[in-house]
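Want to get to know a new protein by working through it bit by bit? Take a look at the sequence and the model, then try the exercises.

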Amino acid sequence: MLASDGVLDRRRRAFHNYFVTRFPSQEIRPVWNLLRQALLEQCEVLDSVLLEGAESETEARSRAAKVAECIDTIMDLSRWLDPSDAILTEDKIDPLMDALGPKLYAHLSQHCGKRAAPGRPIERRDLAIRALELKSVEQAPTWINIARQLCPCGEAAHDKTCVERIRRDVNRLKDVLLSYRIRIPVSRHAQP
Ligand SMILES: [Zn+2]
């Protein structure tokens, strides 16, 4: 294999490789891993679209639209995977400069340092993923037990309000999963 093949391959898979490194798969995080998988698939689409040439104005426009759509999805999914990462910064997009090209890079730079999107408080996203992971097993714990494990309210005893808040977060996550056609399989409990 020629040395240049490696360079070319890196460029071909710039987004994919970047996010594989940034979000290594985690053990015992089935929902998180499925979100990660969806993000990596989107990166592959983006990587291939970025390599395509456009032969006409129309093609160039539809290619640009596809790129923008992929980037939106990638940003959305990465905000679920790393809830602390609501803010885009230059050091995060710098490694992608080559793959993005000057125009897209400039476009993304404009968003740097700003909140990426309005949404619920970001730490609730990780809580929603963890709650759904607890619920995605046979003989899943009750919602109140999940609240006892995960609710960050700080009270000694968790009540209906805590449960409702967590269920709302989980329902919102389920809508997101549905919109990306991610299905959560129910896993068997480990044998006692
Ligand atoms: Zn609580």
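Below are four exercises on this predicted model, each with a worked solution.

**Exercise 1. Work out what the chain is built from: how many helices and how many strands does it have?**

Start with the count: there are nine helices and zero strands. Reading from the N terminus, the order is therefore easy to write, α-α-α-α-α-α-α-α-α. Next, look at burial: of the 192 residues, 18% count as buried. Last, check the contacts between residues at least 6 apart in sequence: 66% of them join residues at least 24 apart.

**Exercise 2. Describe how helix H3 and helix H7 meet: at what angle do their axes cross?**

First, find the two helices: H3 covers residues 30-51 and H7 covers residues 123-135. Their axes come within 7 Å and cross at roughly 120°. Now name the arrangement: angles of 65 to 115 degrees count as roughly perpendicular and those over 145 as roughly antiparallel, so H3 is oblique to H7. Then list who makes the contact: Pro-30, Val-31 and Trp-32 on the H3 side, with Ile-129, Leu-132 and Glu-133 on the H7 side. Sorted by class, that gives five nonpolar residues, no polar ones and one charged.

**Exercise 3. Explore the largest nonpolar core: which residues touch the most other members?**

The core has 27 residues, and the ones touching the most other members are Leu-35, Ala-128, Ala-131, Leu-132 and Ile-166. Now ask where the core comes from. H2, H3, H4, H6, H7, H8 and H9 each supply at least two residues, and H3 gives the largest share, with seven. Zoom out to domains: domain 1 (7-109) and domain 2 (123-179) each put in at least three residues. To finish, zoom in on Ala-128: leaving out residues up to four places away in sequence, Ala-128 touches Asp-169, Val-170, Arg-172 and Leu-173.

**Exercise 4. Check two residues with a positive phi, Ile-28 and Arg-181: is each one buried or exposed?**

Take Ile-28 to begin with. Its phi is near 55°, a positive value in a residue other than glycine, and Ile-28 sits in the loop between H2 and H3. The cut-off for exposed is 12 or fewer other C-beta atoms within 10 Å. Ile-28 has 7 such neighbours, so Ile-28 counts as exposed.

Now do Arg-181. This residue isn't a glycine either, yet its phi is positive, at about 55°. You'll find Arg-181 in the segment after H9. With 7 other C-beta atoms within 10 Å, Arg-181 is exposed.

Methods. Residues numbered from 1 in each chain as written. Predicted model: local features only at pLDDT ≥ 70, side-chain atom pairs only at ≥ 80, totals over all residues. Helix = DSSP H or I, 4+ residues; strand = E, 2+ residues; numbered from the N terminus. Buried ≥ 20, exposed ≤ 12 C-beta atoms within 10 Å, placed from the backbone. Contact = placed C-beta atoms within 7 Å. Axes fitted to C-alpha atoms, helices over the stretch in contact; angles between N-to-C directions. Parallel < 35°, antiparallel > 145°, perpendicular 65-115°, else oblique. Nonpolar A, V, L, I, M, F, W, Y, C, P; charged D, E, K, R; others polar. Core = buried A, V, L, I, M, F, W, Y, C linked by C-beta atoms within 7 Å. Domains from an automatic or database assignment.
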